[in-house]
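Biologist: Could you take me through this model before I go back to the bench? I'd like to begin with the charged side chains.

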Amino acid sequence: MKPVHAKLVAAIILDIADFTVGRILGFGTAMDMVMVLIAFAMFGWKGLFSLWEVADLSDQVDGFVPTLTLIALSELRDGSKDKGGSPADTDRKTLEQK
């Protein structure tokens, strides 16, 4: 498994935990603060986008937005752009070379 895919799986698991356990008042805010640190460790400055979840003191709204998963998907997309784009672009380049 590639590291970017492992990050995506970890992000999905953490978002599911945030959706379930993170809805407990008080505990959810502390969990969101820890999630920001985890997101920063996993994704660098992009992980700071998860700071918005700390602003929701009710701990109800942010559970419905899979922030870490969205960041992981953007990392996955950025990685594919670095390698030459979509598979269709790669096929087109191969055909042009022939």
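Modeller: Glutamate 75 is a good place to begin: it is partly exposed, with a relative accessible area of 22%, where buried means under 20%, exposed over 50% and partly exposed in between, using a 1.4 Å probe and protein chains only. Please keep in mind that this is a predicted model, in which local features need pLDDT of at least 70 and side-chain atom pairs count only at pLDDT 80 or more, while totals for chains, interfaces and linings use all residues. Residues are numbered from 1 along each chain as its sequence is written, and side-chain values use heavy atoms, with hydrogens and water left out.

Biologist: Which residue does glutamate 75 form a salt bridge with?

Modeller: Its partner is lysine 46, and the closest N and O atoms are 3.4 Å apart; a salt bridge here is a side-chain nitrogen of Lys or Arg within 4 Å of a carboxyl oxygen of Asp or Glu. Glutamate 75 lies in helix α4 (residues 67–82) and lysine 46 in the loop between α2 and α3 (52–55), so the pair ties together parts that are 29 residues apart in sequence.

Biologist: And how many salt bridges are there by this rule?

Modeller: The count comes to two. In the other, the side chains of aspartate 78 and lysine 46 meet at 2.3 Å, N to O, and this pair also links distant parts of the chain, with aspartate 78 in helix α4 and lysine 46 in the loop between α2 and α3, 32 residues apart. Lys46, Glu75 and Asp78 are thus linked in a network of salt bridges.

Biologist: Is lysine 46 buried or exposed?

Modeller: Lysine 46 is buried, with a relative accessible area of 14%, whereas aspartate 78 is partly exposed at 26%.

Biologist: Switching topic, what's the overall layout, in helices and strands?

Modeller: The protein has five helices and zero strands, where helices (H or I, at least four residues) and strands (E, at least two) are DSSP runs numbered from the N terminus. Of its 98 residues, 29% count as buried. Residues 24 or more positions apart account for 59% of the contacts with a separation of 6 or more, contact meaning heavy atoms within 4.5 Å.

Biologist: Which residues of α2 are buried?

Modeller: They are Gly28, Thr29, Met31, Asp32, Met35, Val36, Ala39, Met42 and Phe43. Seen down the axis of α2, these buried residues fall within an arc of 155 degrees, so they line one face of the helix; the arc is that of the directions from the helix axis to the C-beta atoms. The face turned away from the buried side carries the exposed residues Leu37 and Ala41, and just after α2, glycine 44 takes a positive phi of about 75 degrees.

Biologist: What is threonine 29 in contact with, leaving aside its neighbours within four places in sequence?

Modeller: Threonine 29 is in contact with Leu57 and Asp59 on that basis, and it is buried, with a relative accessible area of 13%.

Biologist: Last one: which residues make the nonpolar surface patch?

Modeller: Phe19, Trp52, Val61, Phe64, Val65, Leu70 and Leu73 make a patch of about 630 Å². Patches are made of residues with over 30% relative accessible area and no salt bridge, with like charges joined within 9 Å and nonpolar side chains (Val, Leu, Ile, Met, Phe, Trp, Tyr) within 5 Å, and accessible areas come from the Shrake-Rupley method with a 1.4 Å probe, where for residues only the protein chains shown count as cover. Phenylalanine 19, which lies in helix α1 (residues 3–20), is partly exposed at 35%.
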